[in-house]
Each structure stands twice: as C-alpha cells, then as structure tokens.
Amino acid sequence: MNRFDDKGMMIYPNPIKKSGICRNKTILVVRECYCQNGHSLISNQAVFNGFKGIQVMVRRGNETGLVALSPVYGYKSRVTLNVLLEKEQIWEVCCPQCGEPLAVFSRCSCGGDLFTLFLNREADFANCILLCNRIDCFNAEIKFHNEILHYSGMETVI
Ligand SMILES: [Zn+2]
Ligand SMILES: [Zn+2]
C-alpha cells in the first residue's frame, strides 16, 4: 500500500475527529464513483479509515501525478504519489483510466473549478460530488437526487 507523501515519509490518516458529520455520529462514505466515461475511481491503493480511497490523476503543465482522496465526505485527507501539491495551486483533475479531465460543473467561489465525481456509471449530474480543484480549498458539495448537501468544514489536510 502506498501511503508516502511527497517527502517520502510514511503518513497515516488521522482518526476521524469532530467534524460536522461526525458530530452527527454518521459519516458519509463514497463507495462508488465514476468519471463521465464510467470508469470507477475507487482504488485500494490508499485506504482511509478502512475505506478505499478515490484516485484521480492531476495535471498541471507537463507535470502529472496521482492523488488519492478520502472517500469519507467532509474529511479532507489525501495522499499524493509522484507529485507535490502546493497550497493555492490549481490542478486539472483527470480520470486515471481514460485521462480525460473530469467534467467541470461550475466555478468555485475561490476562482477554481468544481469538478465532478459521478455516483453512478450513467454520469448523471443529479447524483454527483463536486470538489474544488484548488489545493486546500475546502469547498465541496454533494448532489443526491438533485438535492445539494453543502459542507465547508475546516478539517486538517494531511
Ligand atoms: Zn475515465
Ligand atoms: Zn474553491
């Protein structure tokens, strides 16, 4: 299992602490998500709190790398492979299988783009997760049956 950060250190996901979600004693975990071409983005290369992570490819100029995101919604931990993500940078987020940039749903209030992780293979914008492509922007939305659940927490990013 690869859990090396960009300095080659071993890092471990923190246990889930208080977040809006955990105060409710329930957490929302993404168990399936897809690119717009139906490729699954769930990967066992990084596991967070016992759940398989969401793996995406990031691109910026000539640089590319893989990033695994926590599938626990609102819990913003991540593991990067072969790439150094610096605060405030904006990266293009792509599917690791087809290499296509993930669909951009809308502009984030920070100036980044909200990219889409679809919750089913039909690539239906009524059921998807939107995440900002600017590093350390905490904006994330989940759309489920067209209802928007909003979370803008302050969880620590590893
Ligand atoms: Zn794909
Ligand atoms: Zn943003």
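Begin by selecting Leu102 in this predicted model; leaving aside its neighbours within four places in sequence, Leu102 is in contact with Cys35, Gln36, Leu41, Val56, Val93, Cys94, Cys95, Phe115, Thr116 and Leu117.

Next, add Ile54 and Leu117 to the selection, since these two and Leu102 touch the most other members of the largest nonpolar core, which has 24 residues. To see where this core draws its residues from, colour β2 (51–60), β3 (63–69), β7, β8 and β9, the elements that give two or more residues to it; of these, β2 gives the most, with 3 residues. In soluble globular proteins, nonpolar side chains tend to be buried together.

Now select Cys108, Leu114, Leu130 and Cys137, which are among the 8 residues of another core, lying apart from the one just visited.

From here, move to the zinc ion (ligand 2), whose protein donors are the SG atoms of Cys108, Cys110, Cys132 and Cys137, at 2.2 to 2.3 Å from the ion. Which geometry does the site of the zinc ion (ligand 2) have? The site is tetrahedral, with angles of 103 to 117 degrees among the 4 donor atoms. If you trace the donors along the chain, you will find that they follow the spacing C-x1-C-x21-C-x4-C. Cys110 lies in the loop between β6 (104–107) and β7 (113–118), while Cys137 lies in the loop between β8 (128–132) and β9 (140–144), so this pair ties together parts that are 27 residues apart in sequence. Are Cys110 and Cys137 buried or partly exposed? Cys110 counts as partly exposed because its relative accessibility is 29%, whereas Cys137, with a relative accessible area of 13%, is buried.

For the next stop, select strand β4 (residues 78–81), which is covered on both faces: Arg78 and Thr80 are buried on one side, and Val79 and Leu81 are buried on the other. In a regular strand the side chains alternate between the two faces of the sheet. Then show β3 beside β4, and you can follow their antiparallel pairing over 4 bridges, including the one in which Leu69 has Arg78 of β4 as its bridge partner.

Finally, colour the protein by pLDDT, for which the mean is 78, with 75% of the residues reaching 70 or more. Confidence is highest in strand β5 (residues 92–94), at a mean of 97, and lowest in helix α1 (residues 20–23), at 45. Over residues 1–16 the pLDDT is below 50, although this stretch has 41 contacts in the model beyond near neighbours in sequence. Where pLDDT is low, the predicted coordinates should not be read in detail.

Conventions. Residues are numbered from 1 along each chain as its sequence is written. Chains are lettered from A and ligands numbered from 1 in the order in which they are written. This is a predicted model: local features need pLDDT of at least 70, side-chain atom pairs count only at pLDDT 80 or more; totals for chains, interfaces and linings use all residues. Side-chain values use heavy atoms; hydrogens and water are left out. pLDDT is the predictor's confidence in each residue, from 0 to 100. Contact means heavy atoms within 4.5 Å. Donors are N, O and S atoms within 2.8 Å of the metal (3.2 Å for Na, K and Ca); water is not among the atoms, so sites may look incomplete. Four donors count as tetrahedral if all angles lie between 85 and 135 degrees; four count as square planar and six as octahedral if opposite donors are over 155 degrees apart and all others between 65 and 115; anything else is irregular. Buried means under 20% relative accessible area, exposed over 50%, partly exposed in between (1.4 Å probe, protein chains only). A nonpolar core is a set of buried Ala, Val, Leu, Ile, Met, Phe, Trp, Tyr and Cys residues joined through side-chain atoms within 4.5 Å. Two strands pair if DSSP finds at least two bridges between them.
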